[in-house]
Structures are given as C-alpha cells and as structure tokens.
Amino acid sequence: MSTNVRPETMSRITTKEHADAFIAEQIADIQKQVGNKKVLLALSGGVDSSVVAALLIKAIGKQLVCVHVNHGLMRKGESEQVIEVFGKELDANLVYVNATDRFLNLLENVSDPEKKRKIIGGEFIKVFDEEAAKLEGIDFLAQGTIYPDILESIKAKESGKPVKSHHNVGGLPEDMKMELVEPIKLLYKDEVRVVGEALGLPHAMVYRQPFPGPGLGVRCLGAITKDRLEALREADAILREEFDFCGLAEKVWQYFISIPDMKSVGVRNEMRYEGWPAIIRAVNTTDAMTATIEEIPYPVLHKITQRITSEVEGINRVLFDLTPKPTGTIEWE
C-alpha cells in the first residue's frame with residue numbers, strides 16, 4: 001500500500017479476521033521494504049504509534065529503535081507512563097529524549113496555529129535525525145500516520161485551504177534523509193483500534209485518549225507561555241480524573257481542555273482575580289472526519305468546574321464547547 005489514496009476496493013477493518021489479514025500483509029510489506037536495516041519509530045505512546053510499534057516488532061524485532069521525545073507539551077505524567085509501558089513492560093528498544101526547553105524556546109511568541117504545527121513537526125524530524133546519527137544503519141523513519149491526517153493535510157492541493165497541517169504529513173522537511181514507514185496510513189482510527197486488539201496490545205493502550213502530535217501546543221491557544229501551559233496540564237489532568245471516576249472515559253471518544261490567550265475578571269478570596277478560561281471539549285466520532293458533542297451531566301460539569309477553579313492557579317472560568325465537526329474541528333488549532 002504505497003499510495004496515499006485509500007483504494008475503493010479496500011474493505012473496512014471491523015473484525016479480528018480482517019485485522020489478522022491486514023497484519024499479515026503489513027508484516028510482509030515491512031520486511032520487504034526494510035530488509036535487514038534499522039527503523040527509528042516516533043513513539044508518542046498513543047494508539048497509532050503503539051500499533052505501529054507492535055507491527056514493527058513482529059516484523060523486524062530488535063531492528064526497531066523507539067524514540068520518545070518529551071517536547072514539554074505532553075499531558076501530566078504521560079512521558080513517565082511511556083517509559084514504564086514500553087521500556088519496561090514491553091521491553092522495547094526505547095530512547096528517551098527530553099527536549100522541553102528546545103521546543104518551548106522555538107515556540108516563544110509564536111501564535112499562528114499553522115506556524116506552531118510546522119515548528120513542532122520540523123523540530124521532531126531534526127531530533128530524530130540527530131538520534132539516528134548516533135546509531136548505525138538507520139535508514140527508515142516509522143510514523144503513526146493515519147488516513148484522516150492525510151485527508152485533512154492534502155486539502156491544500158485541492159482547494160488551497162487545508163483544514164490543518166499534521167506534523168507527520170505537512171511538517172516533513174523536503175531534505176529528510178530517512179525513508180518513511182507508515183503501515184497504518186490508510187486506516188481510520190476505529191480500524192487502528194481493531195488492529196491493536198488483534199495484536200494483543202493492552203485494552204487501556206488501544207483505547208487511550210487520542211492526542212495530537214503537537215500535544216498541548218495546539219490546546220494552549222495562541223502564543224504558548226509556561227504558566228498557561230502548566231495550568232492547562234493541571235486542568236486537563238483533573239478533567240481526565242473526573243471522566244474516569246464517573247465512567248465517561250470510554251464512552252467519550254475524545255475529551256480535553258483548551259486555554260486561550262485571554263483573561264477575564266473574576267473573584268477569589270473576595271478580591272478581584274483575573275484568570276484564563278478553561279474550555280472543555282468532549283466529542284464522539286468513528287472516523288475523525290465528523291464529530292458530535294457528548295452531553296455531559298451537569299453534576300459532573302459542576303464538580304469539574306469547582307475543582308479546576310479552586311485547584312489550578314490562573315484559571316477563573318470553565319466553559320463547555322457545544323460545536324460539532326463541522327463547523328468546528330476536533331481541536332481548536
């Protein structure tokens with residue numbers, strides 16, 4: 001499957017039998033493409049890159065080198081979880097790179113969403129090139145690109161107005177030396193999950209919350225600042241805790257917090273208090289091309305609001321986004 005266009009004859013992967021056939025096909029394709037050389041995998045820990053990792057491990061074993069880059073835009077505790085699951089439980093050949101300061105310095109005063117995505121995507125490739133240079137025989141870069149990423153990014157060729165650029169599609173430099181390995185690039189998210197289960201990945205990993213490549217960088221709206229980014233990280237952790245507690249974590253396809261670069265007047269401790277609004281978004285979808293809004297019970301929203309406004313420094317309001325896709329995209333940026 002070397003094309004970027006999904007064949008009309010390609011069946012939807014909805015059963016284990018479909019997934020097993022796809023896995024067998026991809027293992028053969030990967031072995032043919034890679035041979036005895038090494039592959040560097042951009043491992044975020046999300047379902048897409050995890051499925052790619054499992055496929056590559058089955059196909060080429062220790063020829064795979066997984067690289068997890070902490071760009072400072074991860075959710076709370078996420079990099080630590082990646083190290084635990086992949087480095088220890090799955091015994092992957094894992095390289096951890098802490099590039100927080102490097103990314104945040106490049107993003108300073110950058111407010112345009114497309115520029116942020118381009119910077120993050122371009123810097124990712126530079127990091128991988130640097131890691132590849134430390135190793136011998138790295139000729140391939142694997143990515144968890146899926147079909148909606150391609151569809152949204154290639155809109156520019158058709159209309160000149162892309163929905164948004166994805167770091168793993170629109171952010172790749174033309175002079176990149178490594179050849180791409182993208183075994184799930186023609187799958188939708190629900191199909192990726194079916195394949196993940198067929199590969200035997202843990203349920204919690206397969207149904208892990210989707211997370212964009214640029215991470216919290218496209219949820220800390222506008223120019224990123226360290227204090228607003230930290231407030232976002234803490235507020236998002238509270239949202240996820242409360243969704244887990246009330247049973248919404250697996251009912252809602254994607255839920256998260258965004259914080260815009262604006263403040264409003266509030267009151268705390270009987271004094272004027274200027275703070276940012278935290279915007280809750282909770283959507284359901286099967287293919288990520290359209291999305292509906294999940295109706296969250298008011299008692300749950302009230303508890304989340306109370307916790308965020310009392311526990312997170314810098315936030316004085318909590319809002320709920322009611323916009324489906326279209327007209328809104330799933331992410332705000």
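Of the 333 residues of the protein chain, 54% count as buried in this predicted model. The model is a prediction throughout, and its secondary structure comprises 11 helices and 10 strands. The radius of gyration is 20 Å, close to the 20 Å that the globule rule gives for 333 residues, so the chain is as compact as a globular protein of that length. Along the principal axes, the C-alpha trace spans about 70 × 45 × 40 Å. Among contacts with a separation of 6 or more, 75% are made by residues 24 or more positions apart.

The surface and the charges complete this overall view. An accessible surface of about 15600 Å² is found for the protein chain, and carbon and sulfur atoms contribute 52% of that area. The side chains include 41 positive and 50 negative ones, with the centres of the two sets lying 2 Å apart.

Helix 4 offers a convenient place to look at burial in detail. Within this helix, which runs over residues 100–107, the buried residues are Thr100, Phe103, Leu104 and Leu107. These four cover an arc of only 95° around the axis, which puts them on the same side of helix 4. Asp101 and Asn105, by contrast, are exposed on the other side of the helix. The cover over the buried residues of helix 4 includes both strands and helices: strand 2 (64–70) and strand 3 (94–98) take part, as do helix 5 (113–133) and helix 10 (226–245).

The chain then passes into the loop between helix 4 and helix 5, where Asn109 is found. Asn109 is not a glycine, yet its phi is positive, at about 70°. With a relative accessibility of 66%, Asn109 counts as exposed, because the cut-off for that class is over 50%.

A second residue with this kind of backbone angle is Ala288, which also is not a glycine and has a positive phi of about 70°. Ala288 sits in the loop between strand 8 (271–284) and strand 9 (292–293). What sets the burial class of Ala288 is its relative accessibility of 13%, and it therefore counts as buried, given that buried means under 20%. The two residues thus share a positive phi of about 70°, whereas Asn109 is exposed and Ala288 is buried.

The loop between strand 8 and strand 9 also holds Thr290. At 43% relative accessibility, Thr290 counts as partly exposed. Once neighbours within four places in sequence are left aside, Thr290 is in contact with Asn284, Thr285, Lys325 and Pro326. Two of these partners, Lys325 and Pro326, lead to another backbone feature, for the peptide bond from Lys325 to Pro326 is cis, with omega near -15°.

Pro326 is placed in the segment after strand 10 (315–320), and Thr327 is found in that segment too. The bond that joins Pro326 and Thr327 is a cis peptide bond as well, with omega about 20°. Pro326 therefore takes part in two cis peptide bonds, one from Lys325 and one to Thr327. Thr327 can also be placed relative to the loop between strand 8 and strand 9: its C-alpha atom and that of Thr290 are separated by 9.2 Å, although the two residues are 37 residues apart along the chain.

Conventions. Residues are numbered from 1 along each chain as its sequence is written. This is a predicted model: local features need pLDDT of at least 70, side-chain atom pairs count only at pLDDT 80 or more; totals for chains, interfaces and linings use all residues. Side-chain values use heavy atoms; hydrogens and water are left out. Buried means under 20% relative accessible area, exposed over 50%, partly exposed in between (1.4 Å probe, protein chains only). Helices (H or I, at least four residues) and strands (E, at least two) are DSSP runs, numbered from the N terminus. The arc is that of the directions from the helix axis to the C-beta atoms. Contact means heavy atoms within 4.5 Å. The radius of gyration is taken over C-alpha atoms; the globule rule is 2.2 Å times the number of residues to the power 0.38. Accessible areas come from the Shrake-Rupley method with a 1.4 Å probe; for residues, only the protein chains shown count as cover. Lys and Arg count as positive and Asp and Glu as negative; His and the chain ends are not counted. The place of a charge is taken as NZ of Lys, CZ of Arg, CG of Asp or CD of Glu.
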